[in-house]
Amino acid sequence: MSEPVQTPQAIANAAFKPRIFSGIQPSGGLTLGNYLGALKRFVQKQDEGIQTIYCLVDMHAITTWQDPAKLRHATREGAAAFIAAGIDPARSILFNQSQVSAHVELGWIFNCVARMGWMSRMTQFKDKAGKNSENVSLGLYAYPALMAADILAYHATMVPVGDDQKQHLELTRDIAIKFNNDYGVDFFPVVEPLIEGAATRVMSLRDGTKKMSKSDPSDQSRINLTDDADVIAAKFRKAKTDPEPLPETAFGLKDRPEARNLVNIYAALADQSVDQVIADYAGKQFGTFKPALADLAVSKLGPIAAEMNRLMQDPGEIDRILGAGADRAEAIARPIVDQVYDITGMIRSRR
Ligand code: AQP
């Protein structure tokens, strides 16, 4: 019996089954923000049984200059962090972006779909470029179009990210909708951002109004996943706070960004609600709360750091895992990007 003929639309619709994509830049060592905002939730999604595709986005990392040896190291260390945090390379697809050329191919097409005005409104670009916007790379400006390609090359339907990425995901939706409209197709899904939990935006330990970031010049502003117990304790001890004790209700954290940040971090690490944490520590001084937070962080992050160290002893094995993941990623993305070439009118006649 012959196979039923599948129309391109049926193929596209079949591809819209639930699929998760997300990535992290290997632009330095990963932070507690990356762990709570991204990695921890990546593992939860994998364990829910949805198809999960996770990527070290090295092509994004070079939108700001990276030392090549450090980039290679950070990519391997990032992969080690994924695995140490619970990503199983047999169940999830784990790879580095530059090994699958479909990302940049679709990224170029999306550069031609996205509008300059959309890009100019991206707050992350404004934050990163600051007053220097004439001097930053064109890649940094176009970053969200490549991010849209990362996601849509897999017809991913859900993207777990921290709150800082919400605007980029809205742009991904706009690009998908405009492409579908421009070419009169129903080809790309409209993605759903998954931004959930107490610590979707972990703030700097030095300034509760600034995001904790791996590229912040102050190492004291962040907890790195590779920090040891003493360093973690010292960073929380020195974390900026106000002189008041912790409030009686979560509402009392409203105008206290540093206190709110530490409570959010505690809640996310302990898998508790902010109300529960406040109920336990209401009226307590930071002299009591900070050591408890440090102990909790060490108990959660210590085993991850130890496993990362073990994995980093064998960089060849990490490269093998990334290569095998890239093969599996390519098998999904290549047919999708080939259909995009067809839809946009590119001749593909090579054998
Ligand atoms: N502080 C944060 N709180 C919650 N989530 C965060 N994420 C990053 N920082 C926080 C989430 O981690 C994922 C990967 O982010 P990324 O490393 O690709 O880029 P980023 O958001 O630009 O992170 P950094 O640390 O600020 O990197 P640099 O300093 O290189 O620009 C995303 O899901 C993000 O939401």
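A residue counts as near the ligand if one of its heavy atoms lies within 4 Å of it. The model in these views is predicted.

**View 1. The shell around the ligand holds 21 residues.**
The closest of these are Ser27, Lys128, Ser213, Lys214 and Ser215. By class, 11 residues of the shell are polar, 5 are nonpolar and 5 are charged. Two elements, strand E1 (19–24) and helix H2 (32–47), each supply at least two residues of this shell. H2 gives the most, with 4 residues.

**View 2. Polar atoms of Asn34, Val202 and Met212 approach the ligand.**
From Asn34, a polar side-chain atom comes to 3.0 Å from a ligand oxygen atom. The backbone takes part at Val202, where a polar atom is 2.7 Å from a nitrogen atom of the ligand. Met212 also uses its backbone: an N or O atom there lies 2.9 Å from a nitrogen atom of the ligand. On its own, the ligand has 640 Å² of accessible area, and the protein covers 97% of it. Each of the three pairs counts as a polar contact because its N or O atoms lie within 3.5 Å.

**View 3. The largest pocket holds the ligand.**
This pocket encloses about 1,100 Å³ of space. Its lining comprises 49 residues. Nearest the centre of the pocket lie Gln124, Lys128, Asp164, Gln165 and Lys211. Lys128 is also among the residues closest to the ligand. The lining has 21 polar, 17 nonpolar and 11 charged residues.

**View 4. Helices and strands contribute to the wall of the largest pocket.**
E1 and H2 each supply at least two residues of the lining. The shell around the ligand likewise takes at least two residues from each of these elements. Further along the chain, helix H7 (123–129), helix H8 (138–152), strand E4 (158–160) and helix H9 (166–183) each supply at least two residues of the pocket lining.

**View 5. The second largest pocket has a volume of about 400 Å³.**
It is lined by 18 residues. Asn111, Leu138, Gly139, Ala142 and Tyr143 are the closest to its centre. Helix H5 (102–111), helix H6 (116–120) and H8 each give two or more residues to the lining. H8 provides the largest share, 7 residues. By class, the lining has 13 nonpolar residues, 4 polar and 1 charged.

**View 6. The structure holds 1 cavity of 30 Å³ or more.**
About 60 Å³ of space lies inside the largest cavity. Its lining consists of Met119, Met122, Gln124, Phe125, Lys128, Leu140, Tyr141, Tyr143, Pro144 and His168. By class, 7 of these residues are nonpolar, 2 are polar and 1 is charged. H7 and H8 each supply at least two of the lining residues. The largest share, 4 residues, comes from H8.

**View 7. Lys128, Gln124 and Tyr143 each line the largest cavity.**
Lys128 and Gln124 also lie among the residues nearest the centre of the largest pocket. Tyr143 is one of the residues closest to the centre of the second largest pocket. H8 supplies at least two residues of the largest pocket's lining. The same helix gives 7 residues to the second largest pocket and 4 to the largest cavity.

Notes
Residues numbered from 1 in each chain as written. Predicted model: local features only at pLDDT ≥ 70, side-chain atom pairs only at ≥ 80, totals over all residues. Heavy atoms only, no water. Polar contact = N/O pair within 3.5 Å; in protein donor to acceptor, adjacent residues only side chain to side chain. Areas by Shrake-Rupley, 256 points an atom, 1.4 Å probe, with all protein chains shown as cover. 1 Å grid on protein atoms, 1.4 Å probe; cavity = no way out; pocket = protein on both sides within 12 Å on 5 of 7 lines; lining within 4 Å. Sits in = over half its atoms within 2 Å of the grid points. Nonpolar A, V, L, I, M, F, W, Y, C, P; charged D, E, K, R; others polar. Points joined across faces, edges and corners; volume = space filled by probe spheres on them.
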